[in-house]
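Let us walk through this structure step by step. Keep the sequence and the 3D view open as you read.

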Amino acid sequence: MAQLTVAVAGAGIAGLTLAAALCRNGIDCHVYEQAERLAEVGAGVQVAPNATRLLRRLGLADRLSAVAVAPEAIEARRWDDGALLRRTPLGDLCRRRFGAPYYTLHRADLHDALLSLVPPDRVHLGARGVAVTQDAGAARLRMADGAEIAADLVVGADGIHSVVREHLVTDRPRYSGHTIYRGLVPAEKVPHLVAEPRVRLWFGPERHCVCYPVSSGEQVSFGATVPASDWREESWSARGDVADLAAAYRGWHADVAELIGAAETVGRWALHDRESIDRLGAGRVAVIGDAAHPMLPFQAQGANQAVEDAVVLALCLFGVDPEGGLDALGAALRRYERIRLPRTTRIQRQSRDSVKTFHQAHGDAETRRDTARDSSVLDDHRWLFEYDAEQAAMTSGS
Ligand SMILES: Cc1cc2nc3c(=O)[nH]c(=O)nc-3n(C[C@H](O)[C@H](O)[C@H](O)COP(=O)(O)OP(=O)(O)OC[C@H]3O[C@@H](n4cnc5c(N)ncnc54)[C@H](O)[C@@H]3O)c2cc1C
């Protein structure tokens with residue numbers, strides 16, 4: 001049987017996971033990345049059991065456990081007095097219940113780990129896709145330098161501003177009204193925030209702050225949202241002003257002040273998402289990750305969903321005969337879409353809704369009572385963490 005050829009635009013978490021999963025299944029895949037060199041932004045990412053189980057199966061168990069932190073719990077506190085509002089236990093309980101760990105990681109560590117699974121000659125840097133076309137015989141990714149890459153399938157893993165998505169739908173990112181300041185501080189500057197590793201959140205009026213240790217506990221990553229109607233830049237290289245951030249969080253708990261005070265630099269990023277769509281592929285073109293369903297980061301699931309998408313799409317493509325024409329490929333893409341859309345649409349919606357909950361929860365007596373329920377709080381996440389995307393793909397039928 002001839003081999004299916006796949007061209008992927010974007011070497012982020014989605015694109016690299018897809019390339020790793022396709023290469024593992026013997027599918028011919030090349031990744032085209034606009035950046036001249038691969039350098040993930042200096043920030044953290046939370047990776048829940050629904051994605052760690054897939055990453056471990058891809059062969060990254062040892063590599064990730066060497067650099068990740070496995071937090072004991074997620075704790076949400078009041079912005080002013082630091083009173084505990086809600087505690088979700090993680091650690092061993094999470095691992096036992098869901099069969100995989102909850103990790104906090106430096107993004108570069110996750111990215112490097114994924115890159116190690118892809119043969120170097122499959123990743124092409126300085127290669128920006130500008131348009132996609134397709135006909136009955138092939139899809140083509142046109143590059144900024146005029147070159148055209150032909151493949152049986154073009155996959156857009158090119159993030160929220162996806163060029164490939166434009167081939168499927170006409171829509172625009174939606175600004176959330178919030179920007180986020182992000183930074184990394186050395187753990188020795190805030191030792192009590194790493195002593196017992198936790199994801200710590202503080203909820204307050206119109207804003208919230210989150211921090212967690214990364215890089216084997218050597219650094220603490222934080223993100224602090226601020227309402228802003230007038231600042232819409234979306235680039236991690238956009239510098240924020242630490243003094244502005246400190247002013248925005250004046251009067252907050254001493255732990256928050258200390259965290260912000262320990263930061264030498266911060267990046268600033270305007271938070272956007274998009275409306276859910278009802279197609280993730282058409283003909284010879286598909287989208288995954290943020291190109292498919294960009295979401296606000298408040299459920300910490302965007303990268304997790306990118307990993308799930310990639311694993312499911314790779315499984316759906318397995319066994320597709322390129323000489324079977326559009327029917328075989330079309331069936332594979334419909335199956336991918338059927339498996340993924342209900343879940344990603346739900347998470348996109350929840351991510352949007354949760355900002356309201358976060359910013360109201362700080363005074364809510366009901367929320368405070370939740371602390372008594374401890375392990376049952378973990379059960380609230382069951383539908384999210386227990387989900388096995390690989391299993392879903394294997395049992396979905398054609
Ligand atoms: C503040 C914040 C915190 C977050 N925290 C979490 C978290 O804790 N957990 C979690 O799961 N998710 C989190 N997310 C979401 C997560 O970062 C994204 O969902 C994830 O990075 C999406 O990966 P991706 O590969 O789809 O897209 P991206 O990471 O955007 O990667 C896209 C890649 O494509 C390249 N590219 C773009 N256009 C082109 C083109 N035309 N041609 C070629 N290459 C191109 C880009 O250079 C990039 O390398 C967070 C997001 C934000 C903003």
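How many aromatic pairs does a search of the whole structure find? The answer is 6. Bear in mind that this is a predicted model.

Start with F98 and F385. Their rings form an edge-to-face pair. The centres are 5.7 Å apart, and the planes stand at 90 degrees. This pair links distant parts of the chain. F98 belongs to helix α3, residues 91-98. F385 belongs to helix α11, residues 382-385. In sequence, 287 residues separate the two. Are these rings buried or exposed? F98 has 5% relative accessibility, so it counts as buried. F385 has 3%, so it is buried as well. The cut-off for buried is under 20%.

Now turn to F298 and F358. This aromatic pair is also edge-to-face. Here the centre-to-centre distance is 6.2 Å, and the angle between the planes is 65 degrees. An angle over 60 degrees counts as edge-to-face. Why does this pair tie together separate parts of the chain? F298 sits in the loop between β19 (285-287) and α7 (302-317), while F358 sits in helix α8 (residues 325-360), so the pair joins parts that are 60 residues apart in sequence. F298 is buried, because its relative accessibility is 8%. F358 is buried too, at a relative accessible area of 14%.

Other rings deserve a look. W79, Y249 and W252 are linked into a cluster by ring pairs. At W383, the partner is a charged side chain: R346 lies over the face of the ring, 3.6 Å from its centre.

Next comes the ligand. Which residues come nearest to it? Of the 30 residues around the ligand, these are E33, Q46, R107, D290 and N304. E33 makes its approach through the side chain: an N or O atom there is 2.6 Å from an oxygen atom of the ligand. Q34 uses its backbone instead, with an N or O atom 3.1 Å from a ligand nitrogen. A303 also offers a backbone N or O atom, 2.8 Å from an oxygen atom of the ligand. How much of the ligand does the protein bury? Taken alone, the ligand exposes 1000 Å², and the protein buries 86% of that.

The shell around the ligand draws on several elements. α1 (13-24), β3 (44-47), β12 (174-186), β17 (266-273) and α7 each supply at least two residues. The biggest share comes from α7, with 3 residues. By class, the shell holds 14 nonpolar, 10 polar and 6 charged residues.

Go back to helix α8, where D353 is also placed. D353 has a relative accessible area of 37%, so it counts as partly exposed. Its C-alpha is 9.5 Å from that of L296, although the two are 57 residues apart in sequence.

Finish with the backbone. Most residues other than glycine have a negative phi. E206 has a positive value, near 65 degrees, and is not a glycine. E206 is in the loop between β13 (198-204) and β14 (207-214). At 49% relative accessibility, E206 is partly exposed. S215 also has a positive phi, about 50 degrees, without being a glycine. S215 is in the loop between β14 and β15 (219-227). Its relative accessibility is 12%, so S215 counts as buried.

Key: Residues numbered from 1 in each chain as written. Predicted model: local features only at pLDDT ≥ 70, side-chain atom pairs only at ≥ 80, totals over all residues. Heavy atoms only, no water. Phe/Tyr/Trp six-rings, centres within 6.5 Å; stacked < 30°, edge-to-face > 60°. Helix = DSSP H or I, 4+ residues; strand = E, 2+ residues; numbered from the N terminus. Buried < 20%, exposed > 50% of the residue type's maximum accessible area, 1.4 Å probe, protein only. Lys NZ or Arg CZ within 6 Å of the ring centre and 35° of its normal. Near = heavy atom within 4 Å. Polar contact = N/O pair within 3.5 Å; in protein donor to acceptor, adjacent residues only side chain to side chain. Areas by Shrake-Rupley, 256 points an atom, 1.4 Å probe, with all protein chains shown as cover. Nonpolar A, V, L, I, M, F, W, Y, C, P; charged D, E, K, R; others polar.
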